Amino acid sequence: LALPLSQTFNPQDLGSLWSSVFLLALGMAGSRKNTFVQKLTGHLHCQGFQPYVINLDPAVHEVPFPANTNIHDTVKYKEVKKQCDLGAPHL
């Protein structure tokens, strides 16, 4: 959801928005997803929009863009790997 900077989000106003866009950036590790989102959010800010950005990758310690919600704050991926026995086998 991208709103002009002069407009604040009010859930009751959703019907009055012209359109909302949801974009999910998926790709292999190292495919520059964070760079893409960084460039896209920068462009939207320059155009006067305020995107709501969510980082869903708990393994990324710092994202190169302002994330409104960051799963890294709640999911500790190293603990999940340990509890679920995920990752490379231990030799």
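## Exercises on a predicted chain

V53 counts as buried, at 8% relative accessibility. The model is a predicted one. The exercises start from V53 and work outwards.

### Exercise 1. The setting of V53

Task: Find which element or loop holds V53, and list the residues that V53 touches beyond four places in sequence.

Solution.
- Step 1. Locate the residue. V53 is found in the loop between β2 (49–51) and β3.
- Step 2. Classify V53. The cut-off for buried is under 20% relative accessible area. V53 has 8%, so V53 is buried.
- Step 3. List the contacts. Leaving out residues up to four places away, V53 touches V37, T41, F65, P66, A67, N68 and T69.
- Step 4. Check one spacing. V53 and T41 are 12 residues apart along the chain, and their C-alpha atoms are separated by 8.1 Å.

### Exercise 2. From V53 to the core

Task: Determine which residues make up the largest nonpolar core, and describe the place of V37.

Solution.
- Step 1. Name the members. The largest nonpolar core has 5 residues: V37, V53, V60, V63 and F65.
- Step 2. Place V37. V37 sits in helix α1.
- Step 3. Classify V37. Its relative accessible area is 18%, which is under the 20% limit, so V37 is buried.
- Step 4. List the contacts of V37. Beyond four places in sequence, V37 touches A25, V53 and F65.
- Step 5. Give the V37 to V53 spacing. The two are 16 residues apart along the chain, with C-alpha atoms separated by 8.7 Å.
- Step 6. Add the background. In soluble globular proteins, nonpolar side chains tend to be buried together.

### Exercise 3. A polar residue in a strand

Task: Is N70 buried or exposed, and what does its side chain reach?

Solution.
- Step 1. Locate the residue. N70 is in strand β4.
- Step 2. Apply the cut-off. N70 has a relative accessible area of 16%, under the 20% limit, so N70 is buried.
- Step 3. Follow the side chain. The N70 side chain reaches the backbone nitrogen of H72 at 3.0 Å.
- Step 4. List the contacts farther along the sequence. Neighbours within four places aside, N70 is in contact with N55 and V63. V63 also belongs to the largest nonpolar core.

### Exercise 4. Charge pairing

Task: How many salt bridges does a search of the whole structure find, and which side chains meet?

Solution.
- Step 1. Count. The search finds 1 salt bridge.
- Step 2. Name the pair. The side chains of E79 and K82 meet, at 4.0 Å from N to O.
- Step 3. Place the pair. E79 and K82 both lie in helix α2, 3 residues apart, about one turn of the helix.
- Step 4. Compare with the cut-offs. Exposed means over 50%, and partly exposed runs between 20% and 50%. E79 has 39%, so E79 is partly exposed. K82 has 61%, so K82 is exposed.
- Step 5. Add the background. Side chains of opposite charge can pair when their charged atoms come close.

### Exercise 5. Backbone angles

Task: What are the phi values of R32 and D85, and where do R32 and D85 lie?

Solution.
- Step 1. Recall the background. Most residues other than glycine have a negative phi.
- Step 2. Take R32. R32 is not a glycine, yet its phi is positive, about 75°. R32 is in the loop between β1 (2–4) and α1 (33–46).
- Step 3. Take D85. Phi of D85 is also positive, near 55°, in a residue other than glycine. D85 lies in the segment after α2 (77–84).
- Step 4. Classify both. R32 is exposed, with 58% relative accessible area. D85 is exposed, with 64%.

### Exercise 6. The nonpolar surface

Task: Which residues form a nonpolar patch on the surface, and where does L56 lie?

Solution.
- Step 1. Name the patch. F22, L24, L26, Y52, I54 and L56 form it, with about 740 Å² of accessible area together.
- Step 2. Place L56. L56 lies in the loop between β3 (54–55) and β4 (69–70).
- Step 3. Classify L56. Its relative accessible area is 56%, over the 50% limit, so L56 is exposed.

### Exercise 7. The whole chain

Task: Give the order of the elements from the N terminus on, and state what percentage of residues count as buried.

Solution.
- Step 1. Count the elements. The chain has 2 helices and 4 strands.
- Step 2. Order them. They run β-α-β-β-β-α.
- Step 3. Give the burial. Of the 91 residues, 14% count as buried.
- Step 4. Give the surface. The chain exposes about 7,500 Å², and carbon and sulfur atoms supply 60% of it.
- Step 5. Give the contact range. Among contacts between residues at least 6 apart in sequence, 34% join residues at least 24 apart.

Technical notes
Residues are numbered from 1 along each chain as its sequence is written. This is a predicted model: local features need pLDDT of at least 70, side-chain atom pairs count only at pLDDT 80 or more; totals for chains, interfaces and linings use all residues. Side-chain values use heavy atoms; hydrogens and water are left out. Patches are made of residues with over 30% relative accessible area and no salt bridge: like charges are joined within 9 Å, nonpolar side chains (Val, Leu, Ile, Met, Phe, Trp, Tyr) within 5 Å. Accessible areas come from the Shrake-Rupley method with a 1.4 Å probe; for residues, only the protein chains shown count as cover. Buried means under 20% relative accessible area, exposed over 50%, partly exposed in between (1.4 Å probe, protein chains only). Contact means heavy atoms within 4.5 Å. A nonpolar core is a set of buried Ala, Val, Leu, Ile, Met, Phe, Trp, Tyr and Cys residues joined through side-chain atoms within 4.5 Å. A polar contact is a pair of N or O atoms within 3.5 Å; within protein, one must be able to donate a hydrogen and the other to accept it, and residues adjacent in sequence count only if both atoms are side-chain atoms.
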